[in-house]
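Reader: I'd like a close look at one part of this model, the helix packing, and then whatever you can tell me about the buried spots elsewhere. Could you walk me through it in one go?

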Amino acid sequence: MLDKSIKELSEGLQSGAFSSVELTQRYLDRITRLDSRYNSFVTVDEASAMAQAKAADARIAKGEATLWTGIPLAHKDVFCTDGLRTTCGSRMLENFVPPYDATVTANFKQAGAVCLGKTNMDEFAMGSSNENSYFGKVINPWSDEIERVPGGSSGGSAAAVAARLAPVATGTDTGGSIRQPASFCGITGLKPTYGRVSRYGMIAYASSLDQGGPMARSAEDAALMLQVMAGHDPKDSTSIKQDVPDYAAALEQSIKGLRIGLPREFFNAQLDSRIQNILQDAIKVLEAQGAIFSEVSLPNVELGIPAYYVIAPAECSANLSRFDGVRYGHRCEAPEDLMDLYMRSRSEGFGDEVQRRILIGTYALSAGYYDAYYGKAQQVRRLIKNDYVNAFGNVDVILSPTTPSTTFGIGSKGEDPVQMYLEDIYTITTNLAGLPGISLPAGQIDGLPIGMQLTGNYFDEARILNVAHQFQNATDWHTQAPHGIHD
Amino acid sequence: MSFSSDDIKNVATLARLHVDEEKVEKLGQDINNILALVDQLKAVDTTGIEPMAHPMDAVQILRADEVTETDQREKFQACAPATEEGLYLVPKVIE
């Protein structure tokens, strides 16, 4: 049952092979038994999950079921859930119980899915290793003799899906936070086009870059999740009014004649030769299906990380100014005056990385520096976007590495935050340009999974899901599971 | 530019963050490393390039000015650290 797809689970539920109560209980039992190893969940909502499962079974009995009725899933703890604690991995929101649902969580509720609980993450989605959570680091289920990171910031969701503690999970991606953990945990994760999925109720980090997306074991499951998540939302003025295609229907299209670009700047001497080989093998698989490869150039992508570390901290400093210790969130003991209340509540509530980014952002936006930093970074951002627009004049999809390495050991990046920032070198430009990207398992190095990334043109999620699905039809990397997770 | 301890304290005050004295030096070093990374942008010629605020260059959508939300004050204040009679409590501001 643990390796069944969403479609198979749905068929099992509707044919009466098993009930949603049984399925949900199975996952809850697994979380209880196994998650002490991984720490992938912050909150498990047993009572409510069982109540949702019972309600789903009742609908199935009445013949009112749809695809998602009774299917369990987990939400990254960045999505607000009405009545269920939402921490964003921070002490600031340790006891925060939202009075409303994010559009993404409401959509899954509406579709009949069962929420198992909330997954661990880097605090306020800032990090690439999930070592920054107030609720403790997450351990990658693929860890060998070394305890390894699941990647971040959606590390809890990635670990939970890889360890079969949930069939699928939601994530968010600001600079690689869905795709990098997907690569490290051997799963499939998609960051949609900016504006494709509503950000309403998704706790904001960098508003012009943040985007929610699916994390699953296959492109097919990811497509079915995206169908629920995508669409214009009047509550998010940055979401785009554009029709949502039938993602599942597009999966089976032939990729014969499809033009795939390989960016010269990513396939260079700095790329680990083992990853290079894995990607060459993947290219052969797609070539055998009729895809046509050519080189493309993205001359400004090396500016992605510098531009990101102005834009994201600047937007984070503005977004996180709402945490004032007055309306919700952590409040310090016995404040002397209002200034003391603000300063102590915030420095007690936020962890080190969050405070660093708030300081960088505050500086970049302060009087006299705005044009030199934020304005300049936004100009560079357009140069990066233009590179992609030019490349997509000649190709339909771009293939690249997702990460510069497989999962690394916990604590191995040392004390300099910049070392961690360089992790996102292949993913960050997709966010800056606002394009959709998917990471899917492409091979293994020393028994550890590694992903490849497919970037699509604006709103072309169906196309990259299609290519990913065709690759998964021809390979079995995505069906590999870490050791010791089966019952 | 290089960040001094005084700069850290000034920016921290602007950001309403309290930085412990023993953390100032390490924080300054971290921020200088990050600014060194970011300073690569300075060498780029961006003359005449319009800053990009939205990938699709979308503009703010306006809606009809109609009442669509209902009063849920009690629900919304249930997560506040301190309230009284529908008001948020803070330390005394005016003597």
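Author: Here is a walk through the helix crossings, followed by some buried residues and the cysteines. Keep in mind that this is a predicted model.

Let's start with H12(A), the helix spanning residues 352-365 of chain A. Two crossings involve this helix, one with H10(A) and one with H1(B).

Take the partner in chain A to begin with. The axes of H10(A) and H12(A) come within 7 Å and cross at roughly 95°. With an angle between 65 and 115 degrees counting as roughly perpendicular, that is the label for H10(A) against H12(A). On the H10(A) side, the residues making the contact are Tyr308(A), Tyr309(A), Val310(A), Pro313(A), Ala314(A), Cys316(A) and Ser317(A). H12(A) answers with Arg357(A), Ile358(A), Ile360(A), Gly361(A), Thr362(A), Ala364(A) and Leu365(A). Sorted by class, you get 10 nonpolar, three polar and one charged residues in the contact of H10(A) with H12(A).

Now over to the other chain. H12(A) also meets H1(B), residues 5-14 of chain B, with the axes coming within 9 Å and crossing at roughly 90°. H12(A) and H1(B) are therefore roughly perpendicular to each other. From H12(A), the contact uses Leu359(A), Thr362(A) and Tyr363(A), and from H1(B) it uses Val11(B), Ala12(B) and Leu14(B). The class count for H12(A) with H1(B) is five nonpolar, one polar and no charged residues. Thr362(A) turns up in the contact with H10(A) and again in the one with H1(B).

Staying with H10(A), the loop between that helix (304-319) and H11(A) (338-349) is where you'll find Asp324(A). Asp324(A) is buried, at a relative accessible area of 14%. Its side chain has a polar contact of 3.2 Å with the side chain of Arg327(A). Leaving out residues up to four places away in sequence, Asp324(A) touches Leu341(A) and Tyr342(A).

Another buried polar spot is Ser439(A), in strand E10 (residues 437-445) of chain A. The relative accessible area of Ser439(A) is 0%. A 2.9 Å polar contact links the side chains of Ser439(A) and Thr402(A). Beyond four places in sequence, the contacts of Ser439(A) include Arg179(A), Ile187(A), Thr188(A), Met452(A) and Gln453(A).

Next, H4(A), residues 103-111. Buried in this helix are Thr103(A), Val104(A), Thr105(A), Phe108(A) and Ala111(A). Their cover includes strand E2 (72-76), strand E4 (169-173) and helix H7 (219-229) of chain A. Right after H4(A) comes Gly112(A), with a positive phi, near 100°.

Finally, the cysteines. A disulfide is a covalent bond between the sulfur atoms of two cysteines. Across all chains, the structure has zero of them. For Cys80(A), the closest cysteine sulfur is in Cys88(A), 8.3 Å away, which is too far for a bond. Cys80(A) is buried, too, at 3% relative accessibility. Cys332(A) has its closest cysteine sulfur in another chain, in Cys79(B), 18 Å away and again too far for a bond. Cys332(A) also counts as buried, with a relative accessible area of 4%.

Methods: Residues are numbered from 1 along each chain as its sequence is written. Chains are lettered from A and ligands numbered from 1 in the order in which they are written. This is a predicted model: local features need pLDDT of at least 70, side-chain atom pairs count only at pLDDT 80 or more; totals for chains, interfaces and linings use all residues. Side-chain values use heavy atoms; hydrogens and water are left out. Buried means under 20% relative accessible area, exposed over 50%, partly exposed in between (1.4 Å probe, protein chains only). Helices (H or I, at least four residues) and strands (E, at least two) are DSSP runs, numbered from the N terminus. Contact means heavy atoms within 4.5 Å. A disulfide is a pair of cysteine sulfur atoms within 2.5 Å. A polar contact is a pair of N or O atoms within 3.5 Å; within protein, one must be able to donate a hydrogen and the other to accept it, and residues adjacent in sequence count only if both atoms are side-chain atoms. Axes are lines fitted to C-alpha atoms, for helices over the stretch in contact, and angles run from 0 to 180 degrees between N-to-C directions. Angles under 35 degrees count as roughly parallel, over 145 as roughly antiparallel, 65 to 115 as roughly perpendicular and the rest as oblique. Ala, Val, Leu, Ile, Met, Phe, Trp, Tyr, Cys and Pro count as nonpolar, Asp, Glu, Lys and Arg as charged, and the others, Gly among them, as polar.
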